[in-house]
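Let us walk through this fold together, from the overall layout down to single side chains. Keep the viewer open as you read.

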Amino acid sequence: MKKSIKISSVLGLSLILLVHSTIFACTGIRLVAEDGSIRYGRTMEWGAFDLFSKVAIVPKGYAFSSLTPEGNNGKKFEAKYGIVGLDMLGKDLIIDGMNDAGLSVGIFYFPNLAKYTEYDPSQAENTISSQDVVNYILAQYATVDEVKEGIQNVAVVGVVEEAIGIEVDGHWMVTDASGESIVIEFVDGQLHIHDAPLGVITNAPSYDWHMTNLRNYLNLDFNSAPSKTISGVEFKPTGMGSGMVGLPGDMTPTSRFVRAAAWTQTTRPMENSEESLYEMFRILDNFNLSLGADRAEGTGIFFGKDHSTMRSATIWTTSFDLTNKVFNYHTQDNRRVQQINLSDIDFTTMGNEIKRLPLDIDRSQDILDRTPQFN
């Protein structure tokens with residue numbers, strides 16, 4: 001892994017104060033338009049301090065080096081594909097991204113359940129940390145089928161991330177340009193690969209638990225509830241949405257999973273990827289969290305809270321068009337949708353280093369003044 005960018009002393013103090021709490025609480029979804037175009041996106045919630053994410057553009061041939069509990073002596077691999085994604089804390093660690101083959105990967109917090117392969121020093125050359133999983137998959141594979149096979153041939157271990165003082169408990173959703181999605185989890189030291197036909201992920205419990213829990217909501221209807229007559233009195237719904245009565249509204253991972261499944265399955269007709277972009281942000285914006293107690297991971301008492309550069313616990317929201325290789329996002333500072341087109345990047349001529357772009361040119365809301373002038 002390349003040398004990390006130095007973090008400010010204020011943020012460094014905040015990181016030291018982070019003791020035994022959590023990482024990310026996010027929601028990820030996949031949408032399929034009527035023309036077959038595929039889109040993956042997610043929210044990033046983190047309530048303690050700014051992650052200072054940047055757009056990271058990784059050239060083909062870039063040399064990655066993985067972590068192990070012993071240090072920077074893990075698996076070395078080169079990027080077969082060009083990559084665009086978002087990093088954190090100035091490190092060469094992509095936490096959400098897409099490669100130029102149309103494969104996307106995102107890491108999602110998986111607290112108290114993630115238990116990785118036991119580290120074997122003799123196998124260090126074939127070992128990666130959980131922090132390296134997104135980098136590894138995006139650099140090496142083009143399809144979900146390739147990931148299913150390839151992830152079984154590398155040892156994934158837990159390594160304390162120096163920036164936050166704990167191992168990164170994660171699980172991952174992988175989606176390719178065909179629309180196939182899987183969720184990768186490590187439980188009790190064993191690899192589990194779940195097919196994800198609904199294309200939805202949140203956090204703990206395990207993915208199969210979430211899918212079983214959906215059975216508790218079979219009463220939900222995509223249509224309004226019919227009127228009923230009781231003792232000669234007709235009762236009608238008070239308004240639209242009565243078919244979704246019982247949909248959980250809190251922000252726990254279990255409730256967010258149910259809502260994300262319900263909303264992705266009840267979208268309006270989306271003719272193409274342009275239309276699915278509207279739906280992607282419409283759905284994900286329902287999961288936005290403000291700063292404050294119990295608003296997102298990172299707001300516990302063990303954290304040194306530096307909110308001086310933050311306006312929201314939802315730091316950024318992404319959308320990856322896997323068919324047309326276009327990356328869109330908006331941020332806590334600017335709701336304007338921004339875009340990176342991978343087809344316009346020559347990943348073979350950009351040198352040997354990762355290029356970074358700030359998420360926002362200016363960390364303020366882009367407002368178009370439409371005030372009319374009357375003479």
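Two residues are in contact when heavy atoms of theirs come within 4.5 Å. With that in hand, consider the contacts between residues at least 6 apart in sequence: 71% of them join residues at least 24 apart. This is a predicted model, in which local features need pLDDT of at least 70 and side-chain atom pairs count only at pLDDT 80 or more, while totals for chains, interfaces and linings use all residues. Residues are numbered from 1 along each chain as its sequence is written, and side-chain values use heavy atoms, with hydrogens and water left out.

The protein has 6 helices and 22 strands. These are DSSP runs numbered from the N terminus, with helices (H or I) of at least four residues and strands (E) of at least two. Of the 375 residues, 54% are buried. Here buried means under 20% relative accessible area, exposed means over 50%, and partly exposed lies in between, with a 1.4 Å probe and protein chains only.

A good place to begin is the sheet. Two strands pair if DSSP finds at least two bridges between them. On that basis, 8 strands make an open antiparallel sheet in the order E15-E14-E13-E8-E7-E6-E3-E22. Its edges are E15 and E22 (355–358), each of which pairs on one side only. From one strand to the next, the twist averages 20°, where axes are lines fitted to C-alpha atoms (for helices, over the stretch in contact) and angles run from 0 to 180 degrees between N-to-C directions.

Strand E7 deserves a closer look. All told, 6 of the 6 residues of E7 are buried, so the strand is largely enclosed by the rest of the structure. On one side, 5 bridges join E7 to E6 in the antiparallel sense, and Ile83 stands opposite Asn99 in E7. E7 also pairs with E8 (residues 104–109), again antiparallel, over 3 bridges. There Asp96 has Gly106 of E8 as its bridge partner, and Met98 stands opposite Ser104 in E8.

Both of these pairings are hairpins. The one made by E6 and E7 has 6 residues between the strands, and the one made by E7 and E8 has 4, with Gly102 taking a positive phi near 90°.

Which helix packs on this sheet? Helix H2 (residues 133–140) does, touching E6, E7, E8, E13 (170–175) and E14, and its direction makes about 10° with that of E7. H2 is mostly covered, with 8 of its 8 residues buried; among them are Val134, Tyr136 and Leu138.

Just before this helix, Gln131 sits in the loop between strand E9 (127–129) and H2. Is Gln131 buried or exposed? Its relative accessibility is 5%, so Gln131 counts as buried. Its side chain reaches the backbone oxygen of Val159 at 3.1 Å, and a polar contact of 3.4 Å joins it to the side chain of Glu161. A polar contact is a pair of N or O atoms within 3.5 Å; within protein, one must be able to donate a hydrogen and the other to accept it, and residues adjacent in sequence count only if both atoms are side-chain atoms.

Now for the aromatics. Rings of Phe, Tyr and Trp (its six-membered ring) pair if their centres lie within 6.5 Å; planes under 30 degrees apart count as stacked, over 60 as edge-to-face and the rest as tilted. The structure holds 12 such pairs. In one of them, the rings of Phe64 and Phe77 have centres 5.1 Å apart and planes at 20°, so the pair is stacked. It links distant parts of the chain, 13 residues apart, with Phe64 in strand E4 (residues 63–65) and Phe77 in strand E5 (residues 76–78). Both residues are buried, and they form one aromatic cluster with Tyr62, Tyr136 and Tyr141.

Finally, some backbone details. Most residues other than glycine have a negative phi, and most peptide bonds are trans. Leu89, in the loop between E6 and E7, has a positive phi of about 55°; at 5% relative accessibility, Leu89 counts as buried. Asp188 also has a positive phi near 55°, but at 61% relative accessibility Asp188 counts as exposed. The peptide bond from Ala204 to Pro205 is cis, with omega near 5°.
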